[in-house]
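Me: Please take a close look at one part of this protein for me, the place where two of its domains meet. I would like one connected account, with the surroundings included where they help.

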Amino acid sequence: MKKIAVVGTGYVGLVTGTCFAETGNQVTCIDIDAQKVERMLNGEIPIYEPQLDTLFERNLKAGRLKITTDLKEGIQDAEIVFLALPTPPGEDGSADLSYILGVAEHIGKIIEDYKVIVDKSTVPVGTAEKVRAAILKSSKVDFDVVSNPEFLREGFAVEDFMKPERVVVGTSSEKAKKIMGELYQPFVRQGNPIIFMDEKSAELTKYAANSFLAMKITFMNEVANFCELVGADVDMVRIGMGSDSRIGKRFLFPGIGYGGSCFPKDVQALVKSGKDENFNFQILESVMQINETQKTVLLPKMKNYFKGNLSGKKIAVWGLAFKPNTDDIREAPALYMIDGLLKEGAQIAAYDPEAMENVKKQLGDTITYCENEYETLQNADALLICTEWGIFRNPDFNRLKELMNNHAIFDGRNLFDTETVAKQGIYYQSIGREIVGK
Ligand code: NAD
């Protein structure tokens, strides 16, 4: 049993704290947001993440998980303190370290015995050093700073945390290495590695991994756009390519761009880190540019379909979250499409199984929010699919046709087989595949 504190209870912090409690540790989660803490103390989790509610409730009841707004009270007994704080993009694209360094300075003032301070947030190379310096401003006790980037995926966060493919730990301290090794042992019993390295390499590993994945998606988006020009089918190309084990089947699905709280900001931050060293990450510059265009790639196509005029058209939108199984809408392509459609004078009726509350906070009553996916279709002139939620994959096409004023689907996630939709007599335009039902 280890005593752990987790500062920041967002997607990463809450999952980290809950999963460490689930493996028998004593965990205190600390968050500055008093309302959020209040809700959690009442047993409610502030985010949607499959499986998290059950584990959270169990560990809260068992007393292994405590929650507070008080940093001093939260960390005083802990041997390991995780920083799971936001690192949003600053104005110049670099990661904003003010949350992390602010908390680090505060920790320096209040620690009274040895602690391992762990950067779990995604942070640029050199941050561990900055955290150490921030703590050292006031601390008189011994401590270590470790970089332990998190690789969980929203929507599979608990699963990923409990069974990580690898754990990366960056530290030059033997004492911290031993503590971190013991802590993660229950999570790697199937033999997946805990990879120890220096702090800087650990920090860069996370950015390099996310940037590579963003690049992989973007590459396929470009291939898809080219497929449309030459009449090739991106699905076939994807399957043909992906069966080469050097390439792999995953992350080859084209669509309307990557979004979320990680890829966009991490690619941008790595490019900025490069610039700071007079290094030009050319490949990532292109990735960012291409993704920017890809998010609204269906907009000119929709406009073209409606003979240049989207004004007054009623568009049903399925999916608002940046990907399925999450309520996270940060940098969601759906929002870029909606913004473009509203500017063109279209009316939007949208549905998402989990993300509607978050969208309401951002878009207010500029769009209509529906109870389910079929309600959006009432008198719609077109359906736009932005997120590949499972429930959208197998619609009742007859009901869809009955409800819609005009039978057209623009699919940003290639959910349907083109032939199936063609048989329904519906106009269907997706990404990198032939347009059917013309
Ligand atoms: P988040 O915005 O969901 O959560 C951050 C939490 O920190 C919030 O609850 C906020 O109230 C709290 N907070 C802010 N300032 C605080 C302070 N001074 N003291 C205590 N709490 C404070 O962020 P997230 O998505 O969990 O991401 C955290 C970090 O992890 C980021 O660096 C992110 O890049 C990285 N990361 C995120 C994911 C993901 O899928 N979301 C995956 C891997 C890594």
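Reply:

**The interface of domain 1 and domain 2**

In this predicted model, Lys272 and Asp92 form a salt bridge through their side chains, with an N to O distance of 3.5 Å. Side chains of opposite charge can pair when their charged atoms come close. The count of salt bridges between domain 1 and domain 2 is one. Two residue pairs are in polar contact across this interface, both at pLDDT 80 or more. On the side of domain 1 that touches domain 2, the residues divide into seven nonpolar, four polar and six charged.

The domain bounds place this contact in the chain. Domain 1 covers 3–197, domain 2 covers 206–293 and domain 3 covers 295–429. To the contact between the first two, domain 1 gives 17 residues and domain 2 gives eleven residues. Their C-alpha centres are 29 Å apart. Together domain 1 and domain 2 bury about 1,000 Å², and carbon and sulfur atoms account for 57% of that area. Of the area that domain 1 buries against domain 2, 38% comes from Gly93, Thr122 and Phe151, more than from any other three residues.

Thr122 also leads to the ligand: one of its polar backbone atoms is 3.0 Å from a ligand oxygen atom. The ligand is surrounded by 27 residues, and the closest are Asp31, Lys36, Thr87, Glu154 and Lys265. For Lys265, an N or O atom of the side chain is 2.5 Å from an oxygen atom of the ligand. Arg330 has a polar side-chain atom 3.2 Å from a ligand oxygen atom. By the domain bounds, Thr122 belongs to domain 1, Lys265 to domain 2 and Arg330 to domain 3.

Lys36, among the closest residues to the ligand, falls within helix H2, residues 34–41. At the start of H2, a side-chain oxygen of Asp33 comes to within 3.1 Å of the backbone nitrogen of Gln35. After H2 comes Gly43, with a positive phi near 90°.

For the wider setting of the Lys272 and Asp92 pair, the count of salt bridges comes to 27. Another of these joins Arg58 and Glu22, whose closest N and O atoms are 2.7 Å apart. Arg58 sits in helix H3 (residues 52–61) and Glu22 in helix H1 (residues 11–22), so the pair, 36 residues apart, links distant parts of the chain.

Definitions and conventions:
Residues are numbered from 1 along each chain as its sequence is written. This is a predicted model: local features need pLDDT of at least 70, side-chain atom pairs count only at pLDDT 80 or more; totals for chains, interfaces and linings use all residues. Side-chain values use heavy atoms; hydrogens and water are left out. A polar contact is a pair of N or O atoms within 3.5 Å; within protein, one must be able to donate a hydrogen and the other to accept it, and residues adjacent in sequence count only if both atoms are side-chain atoms. Helices (H or I, at least four residues) and strands (E, at least two) are DSSP runs, numbered from the N terminus. Domain bounds come from an automatic or database domain assignment. Contact means heavy atoms within 4.5 Å. Buried area is the accessible area (1.4 Å probe) that two parts lose on being put together, summed over both. A salt bridge is a side-chain nitrogen of Lys or Arg within 4 Å of a carboxyl oxygen of Asp or Glu. Ala, Val, Leu, Ile, Met, Phe, Trp, Tyr, Cys and Pro count as nonpolar, Asp, Glu, Lys and Arg as charged, and the others, Gly among them, as polar. A residue is near a molecule or strand if one of its heavy atoms lies within 4 Å of it.
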